[in-house]
Number of protein chains: 2
Amino acid sequence: MAHISSADYDPADFPPFAVTADLVVLTVRDDALCALVVRRGEEPYAGRRALPGGFVREREDLRDAAVRELAEETGLTPGAVHLEQLATYGAPDRDPRMRVVTVAHLALAPDLPTPAAGGDAAGAEWCPVEELLAGGGAELAFDHAAILRDGVERARSKLEYTPLGAAFCRPEFTVAELRRVYEIVWGVTLDPRNFHRKVTRTEGFLEPTGATTSRDGGRPAQLFRRGGVEVLYPPLLRRTP
Amino acid sequence: MAHISSADYDPADFPPFAVTADLVVLTVRDDALCALVVRRGEEPYAGRRALPGGFVREREDLRDAAVRELAEETGLTPGAVHLEQLATYGAPDRDPRMRVVTVAHLALAPDLPTPAAGGDAAGAEWCPVEELLAGGGAELAFDHAAILRDGVERARSKLEYTPLGAAFCRPEFTVAELRRVYEIVWGVTLDPRNFHRKVTRTEGFLEPTGATTSRDGGRPAQLFRRGGVEVLYPPLLRRTP
DNA sequence: CCAAAAGTGTTATCGCTACACCCATGT
DNA sequence: ACATGGGTGTAGCGATAACACTTTTGG
């Protein structure tokens with residue numbers, strides 16, 4: 001079979017696909033890594049949970065579709081969250097009704113003061129990832145358990161070599177808040193003192209605001225914003241072999 | 001807009017897309033990182049080079065389509081090469097004729113004794129990546145320069161924390177051959193002695209065959225196969241800050 | 001004063017860089 | 001013998017892990 005650009009190209013040649021953008025939106029909430037899910041009302045998988053998403057429109061870029069879905073479900077806009085493409089899933093029978101290819105995106109959001117359940121986007125809610133994936137993820141519709149697993153794994157590894165842990169925090173946050181993100185996402189405990197040194201000394205990771213807060217109790221902590229770098233060097237590696 | 005699963009689902013609701021699988025096939029050849037490209041015969045972009053690829057068939061999984069295209073262009077099968085999904089590109093005007101979403105895949109292949117140009121797959125040839133991306137990649141059709149850049153960057157970073165450098169080598173290879181892969185893909189020079197220690201001591205990276213070869217001249221070198229691990233710990237980090 | 005959390009200092013160890021040096025082959 | 005590349009030893013340095021210790025708040 002030739003590339004679309006080859007001599008035997010004919011618009012009638014290709015099978016039509018539906019293309020959707022699905023979202024793995026993660027946040028840290030009540031000491032658990034949570035994902036945004038909706039409850040399905042229709043067959044197939046009626047009553048089961050699913051990742052939010054929808055059709056890509058006729059003249060819409062893939063990322064734009066993901067941004068639009070994210071805004072509809074959460075009210076969040078890029079800038080407030082991190083959004084990146086995750087992977088694309090297109091097994092022939094992933095949707096029994098028709099051929100659907102979904103371009104999954106990963107979003108990392110701070111814990112929302114206004115939960116997503118209010119306003120326009122009724123129906124979406126945060127659910128601990130551990131619960132969604134319990135029993136092999138059978139609770140989730142379609143291949144959404146696999147997509148969620150891939151999204152969680154991507155988030156875990158991105159914490160190692162990018163400053164994206166901060167995407168789970170409020171715009172201004174303390175080192176301890178950031179550390180709790182790492183502990184919950186990785187499922188480990190970290191030494192507070194070594195973590196503090198590590199993140200404050202890694203050039204470009206954190207930018208001090210000058211202010212302090214005592215919202216976590218004890219001695220007031222400095223507040224930081226995300227720094228400018230995209231990659232951490234050296235990275236924060238998980239595991240202690 | 002609702003998810004495909006919502007109450008207002010109707011097969012007529014969604015715009016149809018063509019879905020293609022395109023390939024970034026990389027190899028190391030004549031001291032350069034090279035990609036497999038085809039020459040276009042048709043408008044648009046007639047006479048320009050393009051990444052190999054083609055339509056995903058009616059009942060074919062995305063990876064299967066990539067495997068099929070790879071076999072058609074190179075005769076290679078998974079097992080002989082590493083193949084992974086790279087990313088998906090779907091800007092509305094990326095193909096002026098119609099709405100096409102392409103799921104790009106990345107393949108890493110050893111330098112082929114039988115070049116791809118022979119046999120069925122006439123027209124495909126290896127071209128240095130540097131040459132293809134010179135001048136912003138204007139030589140390449142569609143958005144293929146961006147896809148190639150993303151593929152190369154993925155390959156570069158995968159060499160850091162996975163044993164995939166070995167995917168560029170023959171089934172049995174010496175440490176020096178592996179080192180040259182790193183040097184060419186990263187565009188750096190590495191200390192042969194430290195590299196040797198590093199890769200031979202990283203558990204699971206290399207598995208000695210017991211045999212030696214003197215094909216590179218000088219003292220005969222041990223031959224190795226790829227080891228079993230998927231991730232390297234600790235990783236081989238590029239840059240020397 | 002005491003509890004709690006922030007933040008600093010110190011030491012042992014590990015991994016990496018740089019480079020001196022020896023080994024095994026082809027010519 | 002000598003050139004060529006394979007492979008080992010070692011010293012210095014920077015990063016990490018473990019943990020003692022000081023600082024600054026609230027109650």
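For my tally today I count Ala, Val, Leu, Ile, Met, Phe, Trp, Tyr, Cys and Pro as nonpolar, Asp, Glu, Lys and Arg as charged, and the others, Gly among them, as polar. I am working from a predicted model.

**Entry: residue classes by the DNA.** With those classes in hand, I sorted the surface near DNA strand D and got ten charged, six polar and five nonpolar residues.

**Entry: who surrounds the strand.** I found 21 residues around DNA strand D, and the closest are A:Arg193, A:Asn194, A:Lys198, B:Gly218 and B:Arg219. Of the DNA strand D atoms that come within 4 Å of the protein, 47% belong to sugar and phosphate.

**Entry: which elements contribute.** I see at least two residues each from α5 (192-201) of chain A and, in chain B, from α4 (175-186), α5 (192-201) and β9 (221-226). Which element gives the most to this surface? I found that α5(A) does, with four residues.

**Entry: base contacts.** I looked next at arginine side chains and the bases of DNA strand D. A:Arg193 places a polar side-chain atom 3.2 Å from a base nitrogen. For A:Arg197, I noted a side-chain N or O atom 3.3 Å from a base nitrogen. B:Arg197 has a side-chain N or O atom 3.0 Å from a base oxygen.

**Entry: how the chains relate.** I laid chain B on chain A: a turn of 180° with a shift of 0.0 Å along the axis gives an RMSD of 0.0 Å. I recognise in that the relation of a two-fold axis. I also checked the interface: 100% of chain B's interface residues are interface residues in chain A too, so the copies meet through the same surface.

Conventions:
Residues numbered from 1 in each chain as written. Chains lettered and ligands numbered in written order. Predicted model: local features only at pLDDT ≥ 70, side-chain atom pairs only at ≥ 80, totals over all residues. Heavy atoms only, no water. Least-squares fit on C-alpha atoms with pLDDT ≥ 70 in both. Contact = heavy atoms within 4.5 Å. Near = heavy atom within 4 Å. Polar contact = N/O pair within 3.5 Å; in protein donor to acceptor, adjacent residues only side chain to side chain.
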